[in-house]
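Please open the structure in your viewer and keep the sequence panel visible beside it. The tour below proceeds by selections, each followed by a short account of what is found there.

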Amino acid sequence: MDESIRRFYEALFDLIGLINEPERDQALYREAGIVVERSLLRLLVAIGRRQVVGIMELAGVVDRDHSTVSRQVAVLERQGLVTRAPEQRDRRERKVTLTAQGEEIVQRLQAARERLLQPVLARWDEQDWLLLVTLFRRLVDDLLALPTEAPLSSQPKRRRHRPASERG
């Protein structure tokens with residue numbers, strides 16, 4: 001199993017690298033006919049996936065600090081792509097949702113992704129593709145269900161530091 005886990009992670013890191021390549025993003029944006037800053041589009045897609053999301057949660061999702069995300073969401077709001085409203089239970093928290101224009105951009109990106117993936121999928125057996133999607137979703141869901149802290153067995157053992165008076 002160790003070799004297959006290593007191969008899995010190699011493939012996963014290759015996939016993440018492909019997803020994060022600016023050139024591929026530019027090709028996707030051209031295909032979708034979109035001219036929006038790359039960092040803002042990532043936020044837009046994350047908001048679209050969650051429908052309604054707080055700034056703090058959004059910052060965690062895109063791995064950016066709260067203040068950066070807050071400024072970027074303000075830009076998206078000025079562009080008419082999102083709206084911000086206070087949370088009902090905690091007025092300090094702002095919830096973000098897509099506008100119709102923001103939703104249209106997210107849909108155009110999704111359609112462009114599908115068009116760009118079609119040549120690859122044309123070489124795949126449909127059952128293989130559906131199995132990959134099913135198993136990948138299962139893996140991600142199982143990983144999401146794990147606690148975020150490492151189990152105690154994998155943490156280094158801490159030595160109790162005794163005061164000099166207790167040392168013999």
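Against which helices do the buried residues of H2 pack? Before turning to the answer, please note that the model is predicted.

**The whole chain**

Begin by colouring the protein chain by secondary structure. Seven helices and three strands make up its secondary structure. Following the sequence, the order of these elements is α-α-α-β-α-α-β-β-α-α. The protein chain has 168 residues, of which 23% count as buried. Among the contacts with a separation of 6 or more, 46% are between residues 24 or more positions apart.

**Helix H2**

Select residues 22-32, which form helix H2. Its buried residues are Asp-25, Leu-28, Tyr-29 and Ala-32. Looking down the axis of H2, one finds these buried residues within an arc of 95°, so they line one face of the helix. A general rule helps here: an α-helix has 3.6 residues a turn, so residues three or four places apart point the same way. The opening question can now be answered: the buried residues of H2 pack against helix H1 (2-20), H3 and H6.

Now rotate the view to the other side. Exposed residues Glu-23 and Arg-30 are carried on the face of H2 turned away from its buried side. Then select Gly-33, just after H2, where phi is positive, at about 70°.

**H2 against H3**

Display H2 and H3 together. The two helices pack at an angle of about 70°, and their axes are 11 Å apart. H2 is therefore roughly perpendicular to H3, since angles of 65 to 115 degrees count as such. To see the contact, select Pro-22, Asp-25 and Tyr-29 of H2 together with Arg-38, Leu-41 and Arg-42 of H3. Three of the residues in this contact are nonpolar, three are charged and none is polar.

**H3 against H5**

Keep H3 (residues 38-50) in view and add helix H5 (residues 66-78). Here the packing angle is about 85°, with the axes 10 Å apart. H3 is thus roughly perpendicular to H5. On the H3 side, the contact is made by Ser-39, Leu-40, Leu-43, Leu-44 and Ile-47. On the H5 side, select Val-69, Gln-72, Val-73, Val-75 and Leu-76. The residues of this contact comprise eight nonpolar and two polar, with no charged residue.

**Gln-72**

Within H5, centre the view on Gln-72. Is Gln-72 buried or exposed? Gln-72 counts as buried because its relative accessibility is 13%, and the cut-off for buried is under 20%. The side chain of Gln-72 makes a polar contact with the side chain of Ser-39, at 3.3 Å. Leaving aside residues up to four places away in sequence, Gln-72 touches Ser-39, Leu-40, Leu-43 and Arg-64.

**Thr-99**

For the last stop, select Thr-99, which lies in the loop between strand S3 (94-98) and helix H6 (100-121). With a relative accessible area of 19%, Thr-99 is buried. Which backbone atom does the side chain of Thr-99 reach? The partner is the backbone oxygen of Gly-80, at 2.6 Å. Finally, show the residues that Thr-99 touches, not counting those up to four places away in sequence: Gly-80, Leu-81, Val-82 and Thr-83.

Definitions and conventions:
Residues are numbered from 1 along each chain as its sequence is written. This is a predicted model: local features need pLDDT of at least 70, side-chain atom pairs count only at pLDDT 80 or more; totals for chains, interfaces and linings use all residues. Side-chain values use heavy atoms; hydrogens and water are left out. Helices (H or I, at least four residues) and strands (E, at least two) are DSSP runs, numbered from the N terminus. Buried means under 20% relative accessible area, exposed over 50%, partly exposed in between (1.4 Å probe, protein chains only). A polar contact is a pair of N or O atoms within 3.5 Å; within protein, one must be able to donate a hydrogen and the other to accept it, and residues adjacent in sequence count only if both atoms are side-chain atoms. Contact means heavy atoms within 4.5 Å. Axes are lines fitted to C-alpha atoms, for helices over the stretch in contact, and angles run from 0 to 180 degrees between N-to-C directions. Angles under 35 degrees count as roughly parallel, over 145 as roughly antiparallel, 65 to 115 as roughly perpendicular and the rest as oblique. Ala, Val, Leu, Ile, Met, Phe, Trp, Tyr, Cys and Pro count as nonpolar, Asp, Glu, Lys and Arg as charged, and the others, Gly among them, as polar. The arc is that of the directions from the helix axis to the C-beta atoms.
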